[in-house]
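User: I would like to go through some of the labels given to this structure and ask what stands behind each one.

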Amino acid sequence: MMIRTILLSALSLVMLVMGVRMTAQKQKRFFLGWAWIAVGIAMVIAVFKPELFHGGNPASLVLRMRLVLGLLSFLVLMITLEAVRRFAMEERYALLWVSTGLILVVFAIYPDAVGWLATLTGMQYMSAITMVVFAFLLLVAFHFSLALSELRADQKRVCQHAASLELRVAELEKTLKG
Amino acid sequence: MDDILKQSLIILPAFNEEGALPGLLAEIRESAPGADIAVLNDCSLDHTAAVARKHGALVLDLPCNLGVGGAVQAGFQYAFQRGYRYVIRCDGDGQHPPSEIPKLVEAMRSGDVDLVVGSRFLENDRESYKSTALRSIGIRGLAVLLTLICRARVTDPTSGFQMLNRPMLTYFARSYPLDYPEPESLALLRRQGYRFREVGTRFRARTTGTSSIKSWGAMYYMLKVGLALLVDRARTVNPRYARHNLIREDL
């Protein structure tokens, strides 16, 4: 128990230091730094407030879900912005991810906002499974966004090059004939 | 003015503009004699390319539709490869009157600038340009935001009526936003150390075609540009393409 606490604290300290360093450099991996800081803080909470992750009383259950949801959505936001910064994702696709992240953040901060959805669908029972499937789909769709952006960039370059070459060939032909 | 125009390429991004091009090309020859003209045909569905060729323009015929940003960048790349010192961009729909090109050229000659932007809002000439309320609010908001980001006055952030010199061209040939490029490119060029200046120009109501920003797309436009401007703040400056390095090398 003691060893586990020390190990986890050390790990979260490493993450926090790493995150602060990345963010302080500012021009480099600015958003990724915030993601690491968030993970570090979450681990500190997990180490020093373990009761949050024990027991089955409904109040702590909701709090726990809000914490996890908040962390996940913040990570989605930061990783998306980092991908945009590195030109790995186009803004047109990033908008979807940013809005998803923002909606999840809102749900984490104001749990009442999700209340009407729950009463509408009666989804509490399925929520655990939904969560897992949802997370998986998020990862897959994220991957698709990255791949699509890369393809579009490549296609653009090829397209411009082809057009430019075509014009230069036409000019060459003209000089050869003339 | 002739010496500058002789080293210039005028690029006209065009999508389905066969109706407007003949008149526009004639006007350009009259107002900007000596400059080469290239029509950037962004995969039009009509005979834009054939009409442009018939009226003596160079045609960059893109095999697939890239949007304004991609088409204009293709023009920049061509101009860079062929060694032009200046590029003047003027939309193929006749919105930007060629008779105003001398104003851009004069500003480029006299000022220590890399990019000259023709602004329809700089002089009190708002009557000449009609617009919906929502759009003008959007443009105003964007102008204020960009003025803050660039630390230089921006009145017409969406204007595509521009003239750029070779260092600027070198940078834009390398990196230019794909759709709705104008506001983001202003923020980008400032970060790389380039300078821009606006000059007041008249705009015309478009003669043919439709705006690339449809009414429902205004929302997307604002969100996309907003996100791009936000993320640009965290991007690294690429020293290879910074102004002082390109000026020194004079590629």
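Analyst: A helix here is a DSSP run of H or I with at least four residues, and helices are numbered from the N terminus. The model is a predicted one.

User: What makes A:D154 and A:R157 neighbours along helix 6 of chain A?

Analyst: Both lie in helix 6 (residues 127–177) of chain A, and they are 3 residues apart, so about one helical turn separates them.

User: Why is the pair A:D154 and A:R157 called a salt bridge?

Analyst: The cut-off is 4 Å between a side-chain nitrogen of Lys or Arg and a carboxyl oxygen of Asp or Glu. The closest N and O atoms of A:D154 and A:R157 are 3.7 Å apart, so the pair meets the rule.

User: Is A:D154 buried, partly exposed or exposed?

Analyst: Partly exposed: its relative accessible area is 36%, and that label covers values between 20% and 50%.

User: How do you know that A:R86 and A:E82 differ in burial?

Analyst: A:R86 has a relative accessible area of 47%, which makes it partly exposed. A:E82 has 3%, under the 20% limit, and therefore counts as buried. The two form a salt bridge, with their closest N and O atoms 3.0 Å apart.

User: What makes B:R235 and B:D232 a buried salt bridge pair?

Analyst: Their side chains meet at 2.6 Å, N to O, which is within 4 Å. B:R235 has a relative accessible area of 5% and B:D232 has 2%, so both fall under 20% and are buried. Salt bridges that share partners join B:D232 and B:R235 with B:D179, B:E184 and B:K224 in one network.

User: How many salt bridges does the rule give over all chains, and how many between chain B and chain A?

Analyst: The count is 20 over all chains, and 1 between chain B and chain A. B:R82 and A:E171 meet in a salt bridge at 2.6 Å, N to O; since one residue is in chain B and the other in chain A, and the distance is within 4 Å, this pair fits the count between the chains.

User: Which element gives the largest share of the side of chain B that touches chain A?

Analyst: Helix 9 of chain B, with 7 residues. That side divides into 18 nonpolar, 5 polar and 8 charged residues.

User: How much area do the two chains bury between them?

Analyst: About 2,500 Å², of which 63% is on carbon and sulfur atoms. B:L227, B:A234 and B:R235 supply 23% of the area that chain B buries against chain A, more than any other three residues.

Key: Residues numbered from 1 in each chain as written. Chains lettered and ligands numbered in written order. Predicted model: local features only at pLDDT ≥ 70, side-chain atom pairs only at ≥ 80, totals over all residues. Heavy atoms only, no water. Buried < 20%, exposed > 50% of the residue type's maximum accessible area, 1.4 Å probe, protein only. Helix = DSSP H or I, 4+ residues; strand = E, 2+ residues; numbered from the N terminus. Buried area = accessible area lost by both parts, 1.4 Å probe. Nonpolar A, V, L, I, M, F, W, Y, C, P; charged D, E, K, R; others polar.
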